[in-house]
Amino acid sequence: MFRTMVESDLDFILACLTEPSVNTTTRERFAAYLDSGSYRREWTWLALDGDEPVGLAVWWGFPDGDKPLALDGLWAAPGVTDPVPMWAGLIRQVPQPTEYHIFTVPSHRDDPAITLRLAAAHEAGLKTLTERFRYEWTSAQPLPERTTRLTFEPATDEAFVDAFEQISVGSLDVATRAGVARIGVHAQALEDVEDYKSMRGPREWWRLAYDESGALVGCALPSANDGGPVVGYVGVVPAQRGHHYADDLLAEITWIIAEASDGGISIRADTDSTNAPMVASFERLGYRRFALRLVAS
Ligand SMILES: CC(C)(COP(=O)(O)OP(=O)(O)OC[C@H]1O[C@@H](n2cnc3c(N)ncnc32)[C@H](O)[C@@H]1OP(=O)(O)O)[C@@H](O)C(=O)NCCC(=O)NCCS
């Protein structure tokens, strides 16, 4: 039987989260996010055998959001011999579209702790598995050269929605392609802009980029999440692709974040392993690949 968390489950849940695991959720994170609204009692699901809790699924959403978006952890009691069907049942309790992100390194990619969780996600309908490379730039490195061939301007939400719409054409990003197939190009652009606005980075940082003739080249969205500054989004409109403009946009993002902070900084970024031009751009700009994110969606 599956049900959502009640207040008296808290000690049990914290005990489940004590042991090290592949879950993103830790004891500390659970308590803090329950306060901030990124975790909710009604988004935290337990599996019960009789009266005994034997499984747990913890979901994350934006603090101002009305539904959970991503699975942050799955736990099974030691006595459960095959956790896959139970976890699949837990995942099915939350309506899709949802995602399940597992943070790891390449050498642990095929550990059973990961493959069993991914099998459950697949069984529950999250059938697309994307491998995302995780990059980091730190201020121990020199700042990348700032572009002279583009100019950057702030813009309205409508202008960003329009730019996102153009950029999504021919995108190699798996989530963008899936979103466009699901709800269409305009709704996907609107949803993306809203999601980026829910992130912690200041909206004033967002820029549109133009070439010397004044034509739109793309957008650069520096941002931040709970872990610190991130490259929110880089995109070049189709007619302008093939000139490594991604490098100029990424350099600008790096500069905007570096200029806004007074101490040592680390900027993190992810891109699909199959998004070859973006992978190459991170590597040219001195971003270091440090880990792998597996995304079932
Ligand atoms: C990723 C992106 C910003 C790269 O744009 P860019 O700076 O113009 O890319 P580059 O100039 O470095 O391209 C290198 C090569 O890849 C090709 N290329 C770039 N983007 C491509 C795409 N979406 N599809 C197919 N080929 C592409 C270029 O034509 C070029 O080919 P060439 O070497 O034969 O001339 C752009 O593809 C884009 O906006 N994609 C959609 C948004 C996206 O994926 N953002 C990253 C999310 S993390």
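**Helix crossings, a cavity and a few odd residues**

Modeller: Helix 6 and helix 7 pass each other in a right-handed crossing, helices being DSSP runs of H or I with at least four residues, and strands runs of E with at least two, numbered from the N terminus. This is a predicted model, where local features need pLDDT of at least 70 and side-chain atom pairs pLDDT 80 or more, while totals for chains, interfaces and linings use all residues. Numbering starts from 1 along each chain as its sequence is written, and side-chain values use heavy atoms, without hydrogens and water.

Colleague: What makes the crossing of helix 6 and helix 7 right-handed?

Modeller: The near helix is turned clockwise from the far one by less than a right angle; anticlockwise would be left-handed. Helix 6 over helix 7 gets the right-handed label.

Colleague: And why are helix 6 and helix 7 called oblique?

Modeller: The axes of helix 6 (174-183) and helix 7 cross at roughly 125° and come within 7 Å. Axes are lines fitted to C-alpha atoms over the stretch in contact, with angles from 0 to 180 degrees between N-to-C directions. Under 35 degrees is roughly parallel, over 145 roughly antiparallel, 65 to 115 roughly perpendicular, and the rest oblique. The pair is therefore oblique. Ala175, Thr176, Gly179, Val180, Arg182 and Ile183 of helix 6 meet Val185, Ala187, Gln188 and Glu191 of helix 7, contact being heavy atoms within 4.5 Å. That contact has 5 nonpolar, 3 polar and 2 charged residues; Ala, Val, Leu, Ile, Met, Phe, Trp, Tyr, Cys and Pro count as nonpolar, Asp, Glu, Lys and Arg as charged, the others, Gly among them, as polar.

Colleague: What about helix 3 and helix 4, at what angle do they pack?

Modeller: Helix 3 (83-92) and helix 4 (112-123) pack at about 50°, axes 8 Å apart. That angle makes helix 3 oblique to helix 4. Their crossing is right-handed. Contact residues include Trp87 and Ile91 of helix 3, and Leu116 and Ala120 of helix 4. By class this contact holds 9 nonpolar, no polar and 3 charged residues.

Colleague: How do you know how many cavities of 30 Å³ or more there are?

Modeller: On a 1 Å grid over the protein atoms alone, a cavity is a set of points where a 1.4 Å probe fits but cannot get out; a pocket is an open set with protein on both sides within 12 Å along at least five of seven lines, and lining residues have an atom within 4 Å of a point. The count comes to 1 cavity of 30 Å³ or more. The largest holds about 30 Å³, volume being the space filled by probe spheres on points joined across faces, edges and corners. Phe164, Thr176, Val185 and Tyr233 are among its lining residues. Helix 5 (157-168) and helix 7 (185-198) each give two or more, and helix 7 gives the most, with 4.

Colleague: Which residues lie nearest the centre of the second largest pocket?

Modeller: Cys16, Glu19, Pro20, Ser21 and Trp75, out of 16 lining residues. Its space is about 280 Å³. Helix 1 (10-16), helix 2 (27-36) and strand 4 (70-76) each supply at least two lining residues.

Colleague: What makes the backbone of His244 worth a look?

Modeller: His244 has a positive phi of about 55° although it isn't a glycine. His244 sits in the loop between strand 10 (228-236) and helix 8 (245-260). Elsewhere, Gln96 and Pro97 are joined by a cis peptide bond, omega about 10°.
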